[in-house]
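Visitor: I am new to protein structure. Please take one part of this model and walk me through it closely.

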Amino acid sequence: MSTKETADVHQQRTRVAIIGAGPAGLLLGHVLAARGIPFVVVEHRSREHVLGRVRAGVLEQSSVDVLAQLGLADGLRADGLVHGGILLQHESERFHVDFEELVGRTVTVYGQQRVQADLMAAHDTLGSEIVYGAAEVSPGHLDGRPVVRFTLDGEQHAVEADFLVGADGFHGVTKSLIPADLLAPSEREYDAAWLGVLADVPPSTDELIYALHRDGFAMHSMRSPSVSRLYVQVAPDERIEDWSDDRIWDALDTRLAVPGWRLQHGPITEKSITRMRSSVVSTMAHGRVFLVGDAGHIVPPTGAKGLNSAIADVAMLGEALAAESAGDDGPLATYSDRALERQWKVQQFSEYMTDLLHVPGSAVPAEEREFRYRSRLGRLRYIGGSRFAQQSVAEQYTGLAIR
Ligand code: FAS
Ligand code: PHB
C-alpha cells in the first residue's frame with residue numbers, strides 16, 4: 001500500500017477499502033489478509049464503542065465453520081455454548097426442537113461482543129490497518145476508482161482503492177454510491193420491539209426458550225454459565241425509562257412460566273430496546289462498490305440471523321474478491337444475486353419466526369388480535385406435533401449453506 005503526501009492530504013492506495021469495523025468489516029479484513037490482499041478499514045466510532053455494543057448471541061453452524069477455517073474460533077471453541085436445539089413454548093407448554101436428531105447440526109451461543117473482540121485481537125496480531133474514530137467519512141470515486149475520504153485528528157486522508165466495500169450497517173454511508181432506483185430497498189416494519197437485558201445470574205435453562213404468551217413474546221437466552229440474556233416484546237414506541245427492573249422480571253416470570261420451573265433473577269447490567277424491521281436492498285453491488293451485512297439487509301432478531309447473514313455475505317464476497325485477484329471475475333459478477341437469493345430465504349424464516357411468536361399490536365381490532373393469537377397457538381401446536389415442521393425449523397435455524 002503506497003502512501004504519499006499532497007497538499008495537506010494523506011493519500012494512500014490499497015486494493016480494498018472497507019467502511020465499517022463491525023463484525024462484517026473486520027471479518028472481511030481477515031478473509032482478505034488470509035489471501036494476501038491489501039485492505040484498509042475505516043470506522044467512524046472508537047474501538048471501545050464498537051466493542052461495547054451488545055447484540056447478537058447465536059452463531060449458526062455455517063458461521064462457526066467460516067470462523068474456524070480462518071483460525072478465528074479459539075474463543076468460541078473455549079467459551080461458546082454448543083446447543084443441540086431450542087425450546088418453543090405456548091400457553092405454559094414447552095417442547096424441544098432437537099436440531100441434532102432432526103438435521104444433525106448444532107448452533108453455538110457466543111455473544112457478538114466476543115466475536116468482535118476476537119476479530120479485533122486477531123487484526124492486532126496481523127498489524128492490520130484499521131482506522132478508528134475517523135470523522136467525515138465520505139466515499140466517492142476518483143478517476144473511475146473508489147476513494148474514501150475522512151478526517152483523523154484534524155488531518156485529511158484519502159484512501160484510493162480498486163474496490164470499496166460498505167460494511168457500515170443499516171445507517172451506513174456507502175449505500176449513497178448506489179443509484180436510488182437500483183438500491184430500491186424492500187421493507188417491512190413490525191408493530192413490536194424487543195426489550196433486551198443482560199443479567200448477572202446463571203441461565204435457568206440449558207437451551208434457548210422462545211415463548212408466545214397472550215401478553216407478548218419472551219425469550220430466555222444466555223452469554224455464559226453466569227450471565228443470562230433475556231428479551232420481552234414491547235410496543236415499538238416504548239421508552240426504556242418506563243421499564244423498571246421489577247417490571248421486566250414480572251413480565252419475564254409471566255410469559256416464561258411453566259409448571260415446576262422457576263426463572264432465576266439477578267442484577268440487570270444492561271437494558272435496551274431494539275425496533276423490529278426487515279429491509280433488503282435490490283442490489284449489493286454497483287461497479288466497484290459492494291455491500292455486506294446490515295449495510296445490505298436487516299432482519300428482526302427472532303431467527304438469530306442478523307450476524308449470521310453478515311458472515312455469509314463476507315464469506316461469499318471474500319471468495320469473489322480473491323477469485324478476481326487470481327484473474328476470475330465471475331464470482332464477483334454474481335455476488336449480489338447469490339447473496340440476495342440466500343438473504344431472501346433468511347428473510348422469510350425471520351418473518352415466519354417473528355409472526356409465529358409475537359402478539360399483534362394494540363392498534364389491531366380486539367377480534368382480529370384474538371384470531372391471530374389463536375392461529376399462532378394452532379401453528380405452534382402443529383409444529384410441536386410434526387417432525388416435518390420441526391425439521392424445517394431446525395434446517396433454517398442452524399443455517400443454510402453458503403455458496
Ligand atoms: P454493524 O452495524 O454491526 O457494523 C457497522 C459498523 O460500521 C459500525 O461499527 C459502525 O460504527 C460503522 N459505521 C457506520 N456508519 C459509518 C460511517 N459513515 N463511516 C465509518 N463507519 C461507519 N442480530 C442477531 O442475530 N441477534 C440479535 O439479538 C441482534 N440484536 C441486535 C440489536 C441491535 C440494537 C442492533 C442494531 C442489531 C442487532 N442484531 C442482532 C443484528 C446485528 O447483530 C447485526 O446483524 C450485525 O451487527 C451486522 O454486522 P455489520 O454488518 O458489521 O453491521
Ligand atoms: C441472543 O442471545 O441475543 C439472541 C439469541 C437468539 C435470537 C436473538 C437473540 O433469536
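Guide: What follows is a close look at one strand, β6, and then at what surrounds it. Keep in mind that this is a predicted model.

Start with the strand itself. β6 covers residues 85-90. Is β6 enclosed or open to the outside? Of its 6 residues, 6 are buried, so β6 is largely enclosed by the rest of the structure. Here, buried means under 20% relative accessible area. Look at the two faces of the strand in turn. G85, L87 and Q89 are buried on one side. I86, L88 and H90 are buried on the other. Both faces are therefore covered.

Now look sideways, at the partners of the strand. Strands of a sheet pair through backbone hydrogen bonds, either parallel or antiparallel. β6 shows both kinds. With β7 the pairing is antiparallel, over 6 bridges. In that pair, G85 stands opposite D98 of β7. The two strands form a hairpin, with 2 residues between them. In this hairpin E91 takes a positive phi near 45°. Most residues other than glycine have a negative phi.

On to the other partner. β14 spans residues 209-212 and runs parallel to β6. These two strands are joined by 4 bridges. L88 sits opposite Y210 of β14. H90 has L212 of β14 as its bridge partner.

Helix α11 also belongs in this picture. It covers residues 366-385 and packs on the sheet. α11 touches β6, β7 and β14. Its direction makes about 140° with that of β6.

Step back to the whole sheet. Which strands does it hold, and in what order? The order is β7-β6-β14-β15-β16-β13-β17-β20. That makes 8 strands in an open sheet, with mixed pairing. The edges are β7, residues 93-98, and β20, residues 297-298. Each edge strand pairs on one side only.

Follow the sheet along to β13. β13 pairs with β17 in the antiparallel sense, over 11 bridges. β13 also pairs with β16 in the antiparallel sense, here over 7 bridges. Find L195 to see both pairings. Its bridge partner in β17 is I273. Its bridge partner in β16 is V232.

A second helix, α8, lies across this sheet. α8 covers residues 245-256. The strands it lies across are β6, β7, β13, β14, β15, β16 and β17. α8 runs at about 85° to β16. The helix has 12 residues and reaches 16 Å from its first C-alpha to its last. That is close to the 16 Å expected at 1.5 Å a residue. Which residues of α8 are buried? They are I248, W249, A251, L252, R255 and L256. These residues cover an arc of only 160° around the axis, which puts them on the same side of α8.

Next, the nonpolar cores. The largest has 53 residues. V16, I18, L59, V165, L317 and L321 touch the most other members. Helix α9 gives the most to this core, with 10 residues. A second, separate core has 34 residues. Its members include I86, V107, L212 and F217. Two of these names should be familiar: I86 is one of the buried residues of β6, and L212 is the bridge partner of H90.

Take V16 as an example from the largest core. Set aside its neighbours within four places in sequence. V16 is then in contact with L32, I37, P38, F39, V40, A161, F163, V165 and L321.

Now turn to α9, residues 306-325. This helix has 20 residues and reaches 29 Å from its first C-alpha to its last. The expected value, at 1.5 Å a residue, is 28 Å, which is close. α9 is mostly covered, with 16 of its 20 residues buried. Just after α9 comes G327, with a positive phi of about 100°.

Last, a smaller topic: L59 of the largest core also has a strand partner. T108 in β8 is the bridge partner of L59. β4 and β8 pair in the antiparallel sense over 2 bridges. They belong to an open sheet of 3 strands, in the order β4-β8-β5.

To return to the start: β6 is buried on both faces, pairs with β7, and is joined to β14.

Key. Residues are numbered from 1 along each chain as its sequence is written. Chains are lettered from A and ligands numbered from 1 in the order in which they are written. This is a predicted model: local features need pLDDT of at least 70, side-chain atom pairs count only at pLDDT 80 or more; totals for chains, interfaces and linings use all residues. Side-chain values use heavy atoms; hydrogens and water are left out. Two strands pair if DSSP finds at least two bridges between them. Contact means heavy atoms within 4.5 Å. Axes are lines fitted to C-alpha atoms, for helices over the stretch in contact, and angles run from 0 to 180 degrees between N-to-C directions. The expected span of a helix is 1.5 Å times one less than its number of residues. Buried means under 20% relative accessible area, exposed over 50%, partly exposed in between (1.4 Å probe, protein chains only). The arc is that of the directions from the helix axis to the C-beta atoms. A nonpolar core is a set of buried Ala, Val, Leu, Ile, Met, Phe, Trp, Tyr and Cys residues joined through side-chain atoms within 4.5 Å.
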